[in-house]
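User: I am new to this structure and would like to learn how to read its features one at a time. Could you take me through them, giving the general idea before each case?

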Amino acid sequence: MRPTARLAVPPVCGAVLAVALAATPASAAPTRTLPTGAVPTGTVRASGLPARAVHASAPPAAATTAAAPTGVRAIGAELADAGTGQKLWGRDPGTKRPLGSVTKVMTALVVIEAGNLGRKIRVPASAVSYVASHGASSAGLRAGDVLSARQLLKAMLLPSGCDAAYVLATAYGPGRAAFVAKMNAEARRLGLTKTHFSNFDGLPYPTPRATHSTPANLVALGRAAIALAAFRATVDRRAYHLANRNGHHAYTWRNTNLLLGSYAGADGIKTGFTLAAGYCLLFEAHRGTSVLIGVVLHSTTTRPGARFTAARRMLNWGFRVLAASPRHTG
(Lines give C-alpha, C1' and ligand atoms only; values in the text may rest on other atoms or scores of the structure.)
Protein backbone atom coordinates (compact mmCIF):
# COMPACT_ATOMS: atom_id res chain seq x y z
CA MET A 1 0.00 0.00 0.00
CA ARG A 2 1.25 3.45 -0.88
CA PRO A 3 2.42 5.35 2.21
CA THR A 4 1.07 8.81 2.90
CA ALA A 5 3.06 11.20 0.74
CA ARG A 6 4.72 14.30 2.14
CA LEU A 7 2.96 17.36 0.81
CA ALA A 8 5.76 19.87 1.23
CA VAL A 9 9.08 20.52 2.90
CA PRO A 10 10.69 23.92 3.50
CA PRO A 11 12.71 25.17 0.50
CA VAL A 12 16.47 25.21 0.80
CA CYS A 13 18.00 28.68 0.63
CA GLY A 14 19.62 29.82 -2.60
CA ALA A 15 23.12 29.77 -1.15
CA VAL A 16 22.92 26.07 -0.26
CA LEU A 17 21.46 25.26 -3.65
CA ALA A 18 24.22 27.18 -5.41
CA VAL A 19 26.86 25.16 -3.56
CA ALA A 20 25.13 21.91 -4.53
CA LEU A 21 24.93 22.91 -8.17
CA ALA A 22 28.57 23.93 -8.19
CA ALA A 23 29.42 20.34 -7.28
CA THR A 24 27.88 18.99 -10.48
CA PRO A 25 30.56 17.19 -12.50
CA ALA A 26 31.25 18.56 -15.99
CA SER A 27 31.08 15.05 -17.39
CA ALA A 28 27.45 14.53 -16.42
CA ALA A 29 25.26 12.73 -18.94
CA PRO A 30 23.88 15.20 -21.52
CA THR A 31 20.32 13.92 -21.26
CA ARG A 32 19.74 14.85 -17.66
CA THR A 33 17.90 18.05 -16.77
CA LEU A 34 18.63 19.47 -13.36
CA PRO A 35 16.80 22.36 -11.70
CA THR A 36 18.62 25.61 -11.06
CA GLY A 37 16.12 26.87 -8.52
CA ALA A 38 12.94 26.02 -6.75
CA VAL A 39 10.31 24.23 -8.79
CA PRO A 40 7.27 26.46 -9.47
CA THR A 41 4.39 26.05 -7.09
CA GLY A 42 1.97 23.30 -8.12
CA THR A 43 -1.56 22.66 -7.00
CA VAL A 44 -2.94 19.47 -5.51
CA ARG A 45 -6.59 19.11 -4.66
CA ALA A 46 -7.92 16.63 -2.12
CA SER A 47 -11.43 15.31 -2.66
CA GLY A 48 -13.97 17.56 -1.02
CA LEU A 49 -11.35 20.14 0.00
CA PRO A 50 -10.32 23.41 -1.65
CA ALA A 51 -7.19 23.47 -3.76
CA ARG A 52 -4.01 24.07 -1.84
CA ALA A 53 -0.63 25.24 -3.01
CA VAL A 54 2.29 22.86 -2.69
CA HIS A 55 5.79 24.30 -2.63
CA ALA A 56 8.46 21.87 -3.72
CA SER A 57 11.70 21.61 -1.87
CA ALA A 58 15.11 22.18 -3.36
CA PRO A 59 16.57 18.97 -4.84
CA PRO A 60 18.32 16.47 -2.59
CA ALA A 61 22.06 17.07 -2.66
CA ALA A 62 22.62 13.64 -4.22
CA ALA A 63 20.35 14.54 -7.14
CA THR A 64 22.81 17.17 -8.31
CA THR A 65 25.77 14.80 -8.41
CA ALA A 66 24.39 11.37 -9.33
CA ALA A 67 24.47 10.30 -12.96
CA ALA A 68 21.20 10.26 -14.86
CA PRO A 69 19.32 6.95 -15.13
CA THR A 70 20.72 4.88 -17.97
CA GLY A 71 19.00 2.87 -20.67
CA VAL A 72 15.78 4.93 -20.64
CA ARG A 73 14.19 4.72 -24.08
CA ALA A 74 11.79 7.65 -24.23
CA ILE A 75 11.65 10.90 -26.15
CA GLY A 76 10.18 12.69 -23.14
CA ALA A 77 10.41 11.75 -19.46
CA GLU A 78 10.37 13.07 -15.92
CA LEU A 79 10.88 11.63 -12.44
CA ALA A 80 9.93 13.43 -9.22
CA ASP A 81 9.49 12.98 -5.50
CA ALA A 82 5.74 12.33 -5.28
CA GLY A 83 5.45 13.92 -1.86
CA THR A 84 7.07 17.26 -2.63
CA GLY A 85 6.80 17.41 -6.41
CA GLN A 86 10.55 18.02 -6.57
CA LYS A 87 11.93 17.02 -9.96
CA LEU A 88 14.87 14.61 -9.80
CA TRP A 89 15.49 14.07 -13.51
CA GLY A 90 13.90 14.83 -16.84
CA ARG A 91 14.33 14.55 -20.58
CA ASP A 92 12.73 17.30 -22.65
CA PRO A 93 10.17 17.76 -19.86
CA GLY A 94 8.58 20.92 -21.25
CA THR A 95 7.86 19.78 -24.81
CA LYS A 96 4.22 19.15 -25.77
CA ARG A 97 3.55 15.61 -26.95
CA PRO A 98 0.50 13.37 -27.49
CA LEU A 99 -0.16 11.06 -24.56
CA GLY A 100 -2.65 8.44 -25.73
CA SER A 101 -4.82 6.91 -23.01
CA VAL A 102 -2.90 8.64 -20.22
CA THR A 103 -5.62 11.20 -21.02
CA LYS A 104 -8.01 9.03 -19.00
CA VAL A 105 -6.28 10.12 -15.79
CA MET A 106 -7.86 13.54 -16.25
CA THR A 107 -11.18 11.94 -17.21
CA ALA A 108 -11.13 10.01 -13.93
CA LEU A 109 -10.10 13.05 -11.90
CA VAL A 110 -13.02 15.12 -13.24
CA VAL A 111 -15.50 12.30 -12.52
CA ILE A 112 -14.19 11.63 -9.00
CA GLU A 113 -14.21 15.29 -8.06
CA ALA A 114 -17.80 15.59 -9.35
CA GLY A 115 -18.73 12.86 -6.86
CA ASN A 116 -21.77 10.58 -6.65
CA LEU A 117 -19.76 7.55 -7.74
CA GLY A 118 -22.58 5.26 -6.76
CA ARG A 119 -24.89 6.67 -9.44
CA LYS A 120 -26.19 4.11 -11.90
CA ILE A 121 -25.52 4.71 -15.60
CA ARG A 122 -26.90 2.74 -18.50
CA VAL A 123 -24.44 1.82 -21.29
CA PRO A 124 -25.81 3.22 -24.56
CA ALA A 125 -25.44 1.33 -27.83
CA SER A 126 -23.50 4.34 -29.14
CA ALA A 127 -20.66 3.56 -26.71
CA VAL A 128 -20.23 0.11 -28.22
CA SER A 129 -20.34 1.39 -31.80
CA TYR A 130 -17.91 4.19 -30.84
CA VAL A 131 -15.07 1.82 -29.93
CA ALA A 132 -15.81 -0.37 -32.94
CA SER A 133 -15.67 2.54 -35.37
CA HIS A 134 -12.38 3.84 -33.91
CA GLY A 135 -10.74 0.46 -33.34
CA ALA A 136 -10.24 1.64 -29.76
CA SER A 137 -9.31 -0.26 -26.63
CA SER A 138 -12.44 -1.58 -24.95
CA ALA A 139 -13.71 -2.87 -21.61
CA GLY A 140 -16.22 -5.00 -23.51
CA LEU A 141 -19.25 -3.16 -22.17
CA ARG A 142 -22.66 -4.46 -23.28
CA ALA A 143 -25.33 -2.05 -24.47
CA GLY A 144 -28.14 -1.80 -21.93
CA ASP A 145 -26.04 -2.85 -18.92
CA VAL A 146 -26.40 -0.61 -15.87
CA LEU A 147 -23.18 0.04 -13.96
CA SER A 148 -22.17 2.45 -11.23
CA ALA A 149 -19.78 5.29 -11.97
CA ARG A 150 -17.27 3.62 -9.64
CA GLN A 151 -17.44 0.40 -11.68
CA LEU A 152 -17.09 2.37 -14.91
CA LEU A 153 -13.94 4.01 -13.54
CA LYS A 154 -12.42 0.55 -13.15
CA ALA A 155 -13.54 -0.35 -16.69
CA MET A 156 -11.82 2.77 -17.98
CA LEU A 157 -8.59 2.76 -15.97
CA LEU A 158 -7.71 -0.95 -15.88
CA PRO A 159 -8.25 -2.27 -19.44
CA SER A 160 -8.21 1.32 -20.75
CA GLY A 161 -11.79 1.07 -21.95
CA CYS A 162 -12.68 3.89 -24.32
CA ASP A 163 -16.28 2.66 -24.12
CA ALA A 164 -16.29 3.32 -20.36
CA ALA A 165 -14.73 6.76 -20.92
CA TYR A 166 -17.48 7.50 -23.45
CA VAL A 167 -20.19 6.54 -20.97
CA LEU A 168 -18.68 8.57 -18.11
CA ALA A 169 -18.10 11.67 -20.25
CA THR A 170 -21.63 11.53 -21.61
CA ALA A 171 -23.12 11.23 -18.12
CA TYR A 172 -20.91 13.72 -16.30
CA GLY A 173 -20.76 16.43 -18.97
CA PRO A 174 -23.59 16.13 -19.38
CA GLY A 175 -22.60 15.48 -22.96
CA ARG A 176 -19.11 14.74 -24.24
CA ALA A 177 -18.26 18.25 -25.46
CA ALA A 178 -19.19 19.73 -22.09
CA PHE A 179 -17.11 17.09 -20.33
CA VAL A 180 -14.00 17.87 -22.42
CA ALA A 181 -14.49 21.54 -21.52
CA LYS A 182 -14.44 20.51 -17.84
CA MET A 183 -11.20 18.60 -18.42
CA ASN A 184 -9.52 21.69 -19.85
CA ALA A 185 -10.90 23.87 -17.06
CA GLU A 186 -9.42 21.44 -14.52
CA ALA A 187 -6.08 21.55 -16.33
CA ARG A 188 -6.07 25.33 -16.00
CA ARG A 189 -6.94 25.12 -12.29
CA LEU A 190 -4.02 22.75 -11.76
CA GLY A 191 -1.66 25.09 -13.60
CA LEU A 192 -1.07 22.66 -16.50
CA THR A 193 -0.40 25.45 -18.97
CA LYS A 194 0.96 23.18 -21.71
CA THR A 195 -1.86 20.65 -21.62
CA HIS A 196 -4.92 20.53 -23.87
CA PHE A 197 -7.61 17.88 -24.24
CA SER A 198 -9.59 17.49 -27.45
CA ASN A 199 -11.33 14.33 -26.27
CA PHE A 200 -11.93 12.23 -23.16
CA ASP A 201 -9.95 9.09 -24.06
CA GLY A 202 -6.75 10.09 -25.88
CA LEU A 203 -7.71 8.77 -29.31
CA PRO A 204 -5.97 10.61 -32.18
CA TYR A 205 -8.84 12.86 -33.23
CA PRO A 206 -9.48 15.40 -34.60
CA THR A 207 -5.72 15.18 -35.23
CA PRO A 208 -3.04 12.84 -33.80
CA ARG A 209 -1.54 15.65 -31.68
CA ALA A 210 -4.68 17.59 -30.78
CA THR A 211 -4.62 16.19 -27.24
CA HIS A 212 -1.19 16.89 -25.78
CA SER A 213 0.75 17.54 -22.61
CA THR A 214 4.32 17.58 -21.32
CA PRO A 215 6.18 15.25 -18.97
CA ALA A 216 6.25 17.95 -16.29
CA ASN A 217 2.51 18.62 -16.61
CA LEU A 218 1.68 14.91 -16.49
CA VAL A 219 3.64 14.38 -13.29
CA ALA A 220 1.64 17.23 -11.75
CA LEU A 221 -1.60 15.67 -13.03
CA GLY A 222 -0.60 12.29 -11.64
CA ARG A 223 0.07 13.78 -8.20
CA ALA A 224 -3.34 15.47 -8.17
CA ALA A 225 -5.16 12.30 -9.25
CA ILE A 226 -3.46 9.83 -6.96
CA ALA A 227 -4.14 12.10 -3.99
CA LEU A 228 -7.78 11.03 -4.39
CA ALA A 229 -8.59 7.81 -2.53
CA ALA A 230 -11.05 6.56 -5.16
CA PHE A 231 -8.45 6.94 -7.89
CA ARG A 232 -5.65 5.40 -5.85
CA ALA A 233 -7.79 2.39 -4.92
CA THR A 234 -8.46 1.73 -8.61
CA VAL A 235 -5.13 2.12 -10.38
CA ASP A 236 -3.21 -0.16 -8.00
CA ARG A 237 -5.40 -3.16 -8.90
CA ARG A 238 -4.00 -5.79 -11.25
CA ALA A 239 -7.51 -7.02 -12.09
CA TYR A 240 -11.13 -6.60 -11.09
CA HIS A 241 -13.99 -9.07 -11.48
CA LEU A 242 -17.60 -7.95 -11.54
CA ALA A 243 -20.08 -10.79 -11.09
CA ASN A 244 -23.26 -11.12 -13.11
CA ARG A 245 -26.00 -9.22 -11.30
CA ASN A 246 -29.44 -7.92 -12.12
CA GLY A 247 -28.81 -5.15 -14.59
CA HIS A 248 -25.43 -6.12 -16.02
CA HIS A 249 -23.32 -8.98 -17.34
CA ALA A 250 -20.20 -10.37 -15.65
CA TYR A 251 -16.92 -8.62 -16.47
CA THR A 252 -13.25 -9.21 -15.71
CA TRP A 253 -10.98 -6.24 -16.34
CA ARG A 254 -7.19 -6.63 -16.27
CA ASN A 255 -4.81 -3.73 -15.80
CA THR A 256 -2.69 -2.85 -18.83
CA ASN A 257 0.00 -1.50 -16.47
CA LEU A 258 2.40 -4.44 -16.25
CA LEU A 259 4.57 -2.60 -13.75
CA LEU A 260 2.07 -3.83 -11.16
CA GLY A 261 3.19 -7.24 -9.99
CA SER A 262 6.58 -6.95 -11.66
CA TYR A 263 8.05 -4.07 -9.66
CA ALA A 264 7.88 -4.15 -5.87
CA GLY A 265 5.97 -1.15 -4.54
CA ALA A 266 4.33 -0.13 -7.84
CA ASP A 267 1.09 1.80 -7.20
CA GLY A 268 -0.13 2.59 -10.76
CA ILE A 269 -0.89 4.77 -12.73
CA LYS A 270 -1.85 4.56 -16.45
CA THR A 271 -0.61 3.34 -19.82
CA GLY A 272 -1.14 5.02 -23.17
CA PHE A 273 -0.54 4.40 -26.86
CA THR A 274 -1.24 5.81 -30.31
CA LEU A 275 1.07 5.79 -33.30
CA ALA A 276 1.83 9.47 -32.72
CA ALA A 277 2.25 9.10 -28.96
CA GLY A 278 4.17 5.83 -29.00
CA TYR A 279 4.06 3.68 -25.88
CA CYS A 280 3.62 5.87 -22.79
CA LEU A 281 3.40 5.28 -19.04
CA LEU A 282 2.54 7.48 -16.09
CA PHE A 283 3.72 5.57 -13.01
CA GLU A 284 4.24 5.72 -9.27
CA ALA A 285 5.97 3.43 -6.77
CA HIS A 286 6.94 3.48 -3.11
CA ARG A 287 9.86 2.05 -1.18
CA GLY A 288 9.73 2.46 2.57
CA THR A 289 8.58 6.03 3.17
CA SER A 290 9.82 7.27 -0.22
CA VAL A 291 7.34 7.69 -3.07
CA LEU A 292 8.38 8.45 -6.65
CA ILE A 293 6.21 9.46 -9.58
CA GLY A 294 7.28 9.62 -13.21
CA VAL A 295 6.30 9.44 -16.84
CA VAL A 296 7.78 8.23 -20.11
CA LEU A 297 6.37 9.49 -23.41
CA HIS A 298 7.02 7.76 -26.73
CA SER A 299 9.33 5.01 -25.49
CA THR A 300 8.95 3.24 -28.86
CA THR A 301 6.15 2.52 -31.33
CA THR A 302 6.99 -1.17 -31.67
CA ARG A 303 7.85 -2.54 -28.20
CA PRO A 304 5.14 -2.06 -25.56
CA GLY A 305 7.43 -3.46 -22.86
CA ALA A 306 10.02 -0.71 -23.32
CA ARG A 307 7.99 1.77 -21.25
CA PHE A 308 8.00 -0.60 -18.25
CA THR A 309 11.73 -1.18 -18.57
CA ALA A 310 12.30 2.58 -18.68
CA ALA A 311 10.12 3.08 -15.60
CA ARG A 312 12.00 0.41 -13.62
CA ARG A 313 15.35 1.99 -14.45
CA MET A 314 14.14 5.46 -13.53
CA LEU A 315 12.66 4.23 -10.25
CA ASN A 316 15.76 2.27 -9.25
CA TRP A 317 17.90 5.33 -9.92
CA GLY A 318 15.50 7.64 -8.11
CA PHE A 319 15.28 5.52 -4.98
CA ARG A 320 19.08 5.41 -4.83
CA VAL A 321 19.17 9.21 -5.07
CA LEU A 322 16.63 9.62 -2.29
CA ALA A 323 18.38 7.08 -0.08
CA ALA A 324 21.61 9.05 -0.39
CA SER A 325 20.02 12.44 0.29
CA PRO A 326 20.54 14.19 3.67
CA ARG A 327 16.81 13.97 4.38
CA HIS A 328 17.07 10.17 4.48
CA THR A 329 20.61 9.61 5.73
CA GLY A 330 20.44 12.27 8.44
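User: Let us start with charged side chains: which residue forms a salt bridge with Asp92?

Analyst: Side chains of opposite charge can pair when their charged atoms come close. In this predicted model, Asp92 forms a salt bridge with Arg97, and the closest N and O atoms of the two are 2.7 Å apart. The two partners do not have equal cover, because Asp92 is partly exposed with a relative accessible area of 36%, whereas Arg97, at 16% relative accessibility, counts as buried, the cut-off for buried being under 20%.

User: How many salt bridges does the count come to, and which residue pairs with Glu186?

Analyst: The count comes to 2 salt bridges. Besides the pair just described, Glu186 forms a salt bridge with Arg189, with 2.9 Å between the closest N and O atoms. Both residues lie in helix H6, which covers residues 176-189, and they are 3 residues apart, about one turn of the helix. Here the acidic partner is the covered one, as Glu186 counts as buried at 2% relative accessibility, while Arg189 is partly exposed with a relative accessible area of 46%.

User: What should I look for when I want to find the nonpolar core, and how many residues does the largest one have?

Analyst: In soluble globular proteins, nonpolar side chains tend to be buried together. In this model the largest nonpolar core has 66 residues, and those with the most contacts inside it are Met106, Leu141, Leu168, Phe200, Phe231 and Trp253. Its largest share, 8 residues, comes from helix H5, residues 162-172. Apart from this core lies another, of 25 residues, among them Leu79, Leu88, Trp89 and Phe308. As a background for these cores, 54% of the 330 residues of the protein count as buried.

User: Is helix H5 mostly covered or mostly open, and what covers its buried residues?

Analyst: Helix H5 is mostly covered, with 9 of its 11 residues buried. Leu168, one of the residues with the most contacts inside the largest core, is among the buried residues of H5, which also include Asp163, Tyr166 and Tyr172. The cover over the buried residues of H5 includes helix H2, strand S5 (120-122), helix H3 (125-134), helix H4 (149-157) and helix H6.

User: How do I read a residue in a loop, and where is the place of Thr103?

Analyst: A useful way is to ask for its place, its cover and then its neighbours. Thr103 sits in the loop between strand S4 (87-91) and helix H2 (104-114), and it is buried, with a relative accessible area of 0%. Its side chain reaches the backbone oxygen of Gly100 at 2.9 Å. Leaving aside residues up to four places away in sequence, Thr103 touches Met183, Phe197, Asn199, Phe200, Asp201, Gly202 and Thr211.

User: Which backbone oxygen lies 2.9 Å from the side chain of Arg223?

Analyst: That is the backbone oxygen of Ala82, which lies 2.9 Å from a polar atom of the Arg223 side chain. Arg223 is in helix H7, residues 215-226, and is buried, with a relative accessible area of 11%. The C-alpha atoms of Arg223 and Gly85 are separated by 7.9 Å, although these residues are 138 residues apart along the chain.

User: Finally, how should I read a sheet, and what is the order of its strands?

Analyst: In a regular strand the side chains alternate between the two faces of the sheet. The open sheet here has 5 strands in the order S4-S3-S11-S10-S9, with antiparallel pairing. Its edge strands are S4 and S9 (266-274), each of which pairs on one side only, and the twist averages 5° from one strand to the next. Strand S3 (residues 76-81) and strand S11 (residues 290-297) pair over 6 bridges in the antiparallel sense, and Leu79 has Gly294 in S11 as its bridge partner.

User: What joins S9 to S10?

Analyst: They are joined by 8 bridges and run antiparallel, S10 being residues 278-287, and together they form a hairpin with 3 residues between them. One of the bridge partnerships is that of Phe273 with Tyr279 in S10. Strand S9 is mostly covered, since 8 of its 9 residues are buried.

Methods:
Residues are numbered from 1 along each chain as its sequence is written. This is a predicted model: local features need pLDDT of at least 70, side-chain atom pairs count only at pLDDT 80 or more; totals for chains, interfaces and linings use all residues. Side-chain values use heavy atoms; hydrogens and water are left out. A nonpolar core is a set of buried Ala, Val, Leu, Ile, Met, Phe, Trp, Tyr and Cys residues joined through side-chain atoms within 4.5 Å. Buried means under 20% relative accessible area, exposed over 50%, partly exposed in between (1.4 Å probe, protein chains only). Helices (H or I, at least four residues) and strands (E, at least two) are DSSP runs, numbered from the N terminus. A salt bridge is a side-chain nitrogen of Lys or Arg within 4 Å of a carboxyl oxygen of Asp or Glu. A polar contact is a pair of N or O atoms within 3.5 Å; within protein, one must be able to donate a hydrogen and the other to accept it, and residues adjacent in sequence count only if both atoms are side-chain atoms. Contact means heavy atoms within 4.5 Å. Two strands pair if DSSP finds at least two bridges between them. Axes are lines fitted to C-alpha atoms, for helices over the stretch in contact, and angles run from 0 to 180 degrees between N-to-C directions.
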